[in-house]
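Please read through the sequence and turn the model around before going on. The report that follows starts with empty space inside the protein and then moves to strands, helices and single residues.

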Amino acid sequence: METCQLKKLSLELSSQQIITPQEHSAIMRPGLAIIQVGNNPSSLTYVRKKIALCEENQIYHELYHFPESISQKEIIHQIRTLNQQGSIDGILVQLPLPSHLSRLEISNEIKLSKDVDCLHMANFQNLLQNGEDNDIIPCTPAAVLHILDTQEIDVRNQNITVIGRSQLVGFPLSVLLLKRNARVTICHSETTVQEHVEKADIVISCAGHKELVKGEWIKNGAKVIDVGITRIPGTNKIVGDIEFNKALPRVSFITPVPGGVGPLTVSMLFKNLYRVWCRSNGLKANIDELDDELDYAQNYQF
């Protein structure tokens, strides 16, 4: 793709893989399938930006937007079809899913080599074991680590409070931070958040609850990464988990919402897609080539 500096290639395709003439042109570039269920406002925002970046960067993409009433069986059937589709290198199930659908069962249907968000249990177990040496890292935790690295924030022996324990963000991020020798406290719905935030050198909130963390809770000089995103009902306004304006005078670093972690999360998705595309076609992935795209995405406002 123009963003990844792809070249014309002679591809050796597995005899088990069925490639139609229409797919042949698409397979010369990465292909992404997005499965979305229902109309969660945050999901709509993320999906819209993913599709926009696909179109801008000439990435082949297919969107499957299902009604909230869709059955588990229908979703799994669609995933199994995409697993066999040669033009699709990565499959993304947009979370959250409606309560009647099992995220775990659906994620485990994704072919391991196409799991660009590291949600399949086998990929997740590899992440727990290998940390950042894993081939694929969940997109939002990868975005947070990228921010820490580019801001030269060393987490060793720092008290980090992570708010949220989801398998998509909070839990894997906490593991990755522990592997960087941070002291990590994970807060959840049964936790008194304030007392842990007040002690934290770094606060990372991924709860998805509007201004859950009050500005006065944050100690002077702390660093804050706000992963949360909540759309105010009846408006186009998006806010994070942190009381941004009240926290701003107290912190040494803080990410905004919108325009902070969100765009980088999308960028990390395409980094993962590029990596699996290279792997499936026997190419060496030079992720350094994507630096310009990552810088661009940081300025891509939600």
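In this predicted model, the second largest cavity is lined by 15 residues, and those nearest its centre are Tyr46, Ile229, Val257, Pro258 and Gly262. Its space amounts to about 80 Å³, and helix α10 gives the most to its lining, with 3 residues. Sorted by class, that lining holds 10 nonpolar, 4 polar and 1 charged residues. When the whole structure is searched, 2 cavities of 30 Å³ or more are found. Rolling a probe the size of a water molecule over the atoms shows where empty space is left.

Two of the residues just named, Val257 and Pro258, are also joined by a cis peptide bond, with omega at about 5 degrees. Pro258 lies in the loop that runs between β10 and α10.

How much space lies in the largest pocket? The largest pocket holds about 870 Å³, and its lining is made up of 34 residues, of which Leu95, Pro96, Ser166, Leu168 and Val169 lie nearest the centre. The elements that give two or more residues to this lining are α2 (41-56), β3, α6, β8 (230-231) and α10 (261-280), and the largest share, 5 residues, comes from α2. By class, the lining of the largest pocket consists of 16 nonpolar, 13 polar and 5 charged residues.

Leu95 and Pro96, which are among the residues nearest the centre of the largest pocket, are joined by a cis peptide bond whose omega is about 5 degrees. Pro96 sits in the loop between β3 and α4 (103-107). The two cis bonds can be set side by side.

| Cis peptide bond | Omega |
|---|---|
| Leu95 and Pro96 | about 5 degrees |
| Val257 and Pro258 | about 5 degrees |

Strand β3, which gives residues to the lining of the largest pocket, covers residues 90-93, and from it Gly90 and Leu92 point one way while Ile91 and Val93 point the other way, with all of them buried. In a regular strand the side chains alternate between the two faces of the sheet. Strand β3 runs parallel to strand β1 (residues 31-37), and 4 bridges join the two; within this pairing, Leu32 stands opposite Gly90.

Elsewhere, 5 strands with parallel pairing form an open sheet, in the order β5-β4-β6-β7-β10. Which strands are at the edges of this sheet? They are β5 (183-187) and β10 (253-254), each of which pairs on one side only. Within the sheet, strand β4 (residues 159-163) and strand β6 (residues 202-205) run parallel and are joined by 4 bridges, and Val162 stands opposite Ile204 in β6.

Val162 also meets a helix residue, since Ser174 touches Val162, Val184 and Ile186, not counting residues up to four places away in sequence. Ser174 belongs to helix α7 (residues 170-179), and it counts as buried because its relative accessibility is 1%, where buried means under 20%.

Is Ser252 buried, exposed or partly exposed? Ser252 lies in the loop between α9 (244-247) and β10, and because its relative accessibility is 47%, it counts as partly exposed. Ser252 touches Gly221, Ala222 and Lys223, again leaving out residues up to four places away in sequence. Although Ser252 and Gly221 are 31 residues apart in sequence, their C-alpha atoms are 4.7 Å apart in space.

Helix α6 (residues 139-150), another contributor to the lining of the largest pocket, allows a simple check of its length. At 1.5 Å a residue, its 12 residues should span 16 Å, and this agrees with the 16 Å between its end C-alpha atoms. The helix is mostly covered, for 10 of its 12 residues are buried, among them Cys139, Pro141, Val144, His146 and Leu148. Just after α6, Glu152 takes a positive phi of about 55 degrees.

Positive phi values also occur in two other loop residues. Cys118, in the loop between α4 and α5 (121-130), has a phi near 60 degrees, a positive value in a residue other than glycine, and with a relative accessible area of 1% Cys118 is buried. Asn181, in the loop between α7 and β5, has a phi near 70 degrees, which is likewise positive in a residue other than glycine.

Terms used
Residues are numbered from 1 along each chain as its sequence is written. Side-chain values use heavy atoms; hydrogens and water are left out. Buried means under 20% relative accessible area, exposed over 50%, partly exposed in between (1.4 Å probe, protein chains only). Two strands pair if DSSP finds at least two bridges between them. The expected span of a helix is 1.5 Å times one less than its number of residues. On a 1 Å grid over the protein atoms alone, a cavity is a set of points where a 1.4 Å probe fits but cannot get out, and a pocket is an open set with protein on both sides within 12 Å along at least five of seven lines; lining residues have an atom within 4 Å of a point. Grid points are joined across faces, edges and corners, and a volume is the space filled by probe spheres set on the points. Ala, Val, Leu, Ile, Met, Phe, Trp, Tyr, Cys and Pro count as nonpolar, Asp, Glu, Lys and Arg as charged, and the others, Gly among them, as polar. Contact means heavy atoms within 4.5 Å.
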